[in-house]
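Open the model in your viewer and keep the selection box handy. We'll go from stop to stop, picking residues and looking at what is there.

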Amino acid sequence: MDRLLLMHSFVTVAQAGSFNGAAKKLGSSGSLVSRHVAELERQVGVRLVNRTARSVSLTEPGLRYAEFASRILDEIDAQDAALAGSHDRAEGTLSIICPKWIGSLDLGDAIAAFSAAHPKIQVRFELGGMSDRTYDFLDSGFDVAFHTRDLRDSSVRLKKISSLPFVLCGSAEYIERRGGLAHPNDIAGHDCLVHVNDPVWRIGHGHASTLHKIRNIAFSSNSYLALQKAAVHGRGIALLPQRPAYDDLVSGALRALLPELAVPDRPLYAIYGPGQDTPRKISVFLDFLSAWFSQNPIPTIR
């Protein structure tokens, strides 16, 4: 029989001074409480109570054990209350993981701002090392992971944080030397700068969009910032996140290609553990990030 249940019955008997009095407090029966105490005596190997027709008194070992059991039960109750309280407070450690390219761009700025705004939350933020299985981040000890692809996995919960605009572009020098694009199919005739995880480019929106598997790869990298630098140096055309490329597009170091078609935005999703009762630190974090992206929109390129 469960030791904690037996201890609870015994401590209540010690406080009430009788089995029936303890039973009333516990919403049980006197015979059941008596059996609990008898089982506890059997487990500890010593008589804990003196039983008489009218009352119950504690033996000397019973007095010591009642004090011990009461202390243990109080500590368990205090720890349960502390855990419940921490669940409802925005504090503690928050572990986050995301692909390198996202974390080194917009998301890194947003998480840094969150950490400054919530000093009681200790942020652990790791880039890279993500599995293709969406739920593996939980097994690795992370609270939240980020993706930019649509997910359908009932083992996790998902919240869309923002949309990340992309732009197809090249340097002025490269475009003057090789020419621009009149049609998406013209991509096949150009040197392309390709992210290793993004070998297929989608151009246009909705039913009019087309997919282009890039075969003429002049430069590849797992970093969009590296691809941006190669594009500015005239190595070819690239499909880049618009926020980091914005200054180069404004200055003319990069020029947008096929602006009348544009390219689809990428969704930024936060995924976290299942269940309806989301810890406060996670819900506060997700709300902050949604607000941050709304308050820091990417300016329109003119």
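Which residue forms a salt bridge with Arg243? Select Arg243 and Asp106 together: they form that salt bridge, with the closest N and O atoms 2.1 Å apart. Keep in mind that this is a predicted model. Arg243 belongs to helix α10 and Asp106 to helix α6 (residues 106–117), so this pair ties together parts that are 137 residues apart in sequence. Turn on the surface and you'll find Asp106 buried, at 7% relative accessibility, while Arg243 is partly exposed at 23%.

**Around helix α10**

Now select the whole of α10, residues 242–251. Colour Gln242, Ala245 and Leu249, which are buried. Why do they sit on the same side of α10? They cover an arc of only 70 degrees around the axis, and that puts them there. Spin to the other side of the helix for Asp247, Val250 and Ser251, which are exposed.

What do the buried residues of α10 pack against? Show β7 (166–171), α9 (224–232), β12 (237–241) and β13 (254–256): those are the elements they pack against. Before you leave, click on Gly252, just after α10, where phi is positive at about 95 degrees.

**A three-residue salt-bridge network**

Next, select Asp191 and Arg178, whose side chains meet in a salt bridge at 3.0 Å, N to O. Asp191 is in the loop between α8 (172–178) and β8 (192–195) and Arg178 is in helix α8, so the pair ties together parts that are 13 residues apart in sequence. Add Arg235, which also forms a salt bridge with Asp191, the closest N and O atoms being 3.5 Å apart. This pair links distant parts of the chain, 44 residues apart, as Arg235 lies in the loop between α9 and β12. Shared partners join Arg178, Asp191 and Arg235 into one network.

Buried or exposed: which is Asp191? Asp191 is buried, with a relative accessible area of 17%. Arg178 is partly exposed at 34%, and Arg235 is partly exposed at 39%. Across the model, the count of salt bridges comes to 11.

**A hairpin**

Go to residues 200–203, strand β9, and show the side chains. Trp201 and Ile203 make up the covered face, with Val200 and Arg202 on the uncovered one. In a regular strand, side chains alternate between the two faces of the sheet. Add strand β10 (residues 210–213), which pairs with β9 in the antiparallel sense over 4 bridges. Look for Leu211 in β10, opposite Arg202. The two strands form a hairpin with 6 residues between them, and Gly204 in the turn has a positive phi of about 90 degrees.

**Rings to finish**

The whole structure holds 7 aromatic pairs. One of them is Tyr65 with Phe68: their centres are 5.5 Å apart and their planes stand at 55 degrees, so the pair is tilted. Tyr65 and Phe68 are 3 residues apart in helix α4 (residues 60–87), separated by about one helical turn.

Then select Phe166 and Tyr224 for an edge-to-face pair, 5.7 Å centre to centre with 80 degrees between the planes. Phe166 and Tyr224 are both buried. Leave Phe166 selected and bring in Arg266, whose charged end sits over the ring of Phe166, 4.0 Å from its centre. For a last stop, select Phe114, Phe146, Phe285 and Phe288, which ring pairs link into a cluster.

How values were computed. Residues numbered from 1 in each chain as written. Heavy atoms only, no water. Buried < 20%, exposed > 50% of the residue type's maximum accessible area, 1.4 Å probe, protein only. Arc of directions from axis to C-beta. Contact = heavy atoms within 4.5 Å. Pairing = 2+ DSSP bridges. Salt bridge = Lys/Arg side-chain N within 4 Å of Asp/Glu carboxyl O. Phe/Tyr/Trp six-rings, centres within 6.5 Å; stacked < 30°, edge-to-face > 60°. Lys NZ or Arg CZ within 6 Å of the ring centre and 35° of its normal.
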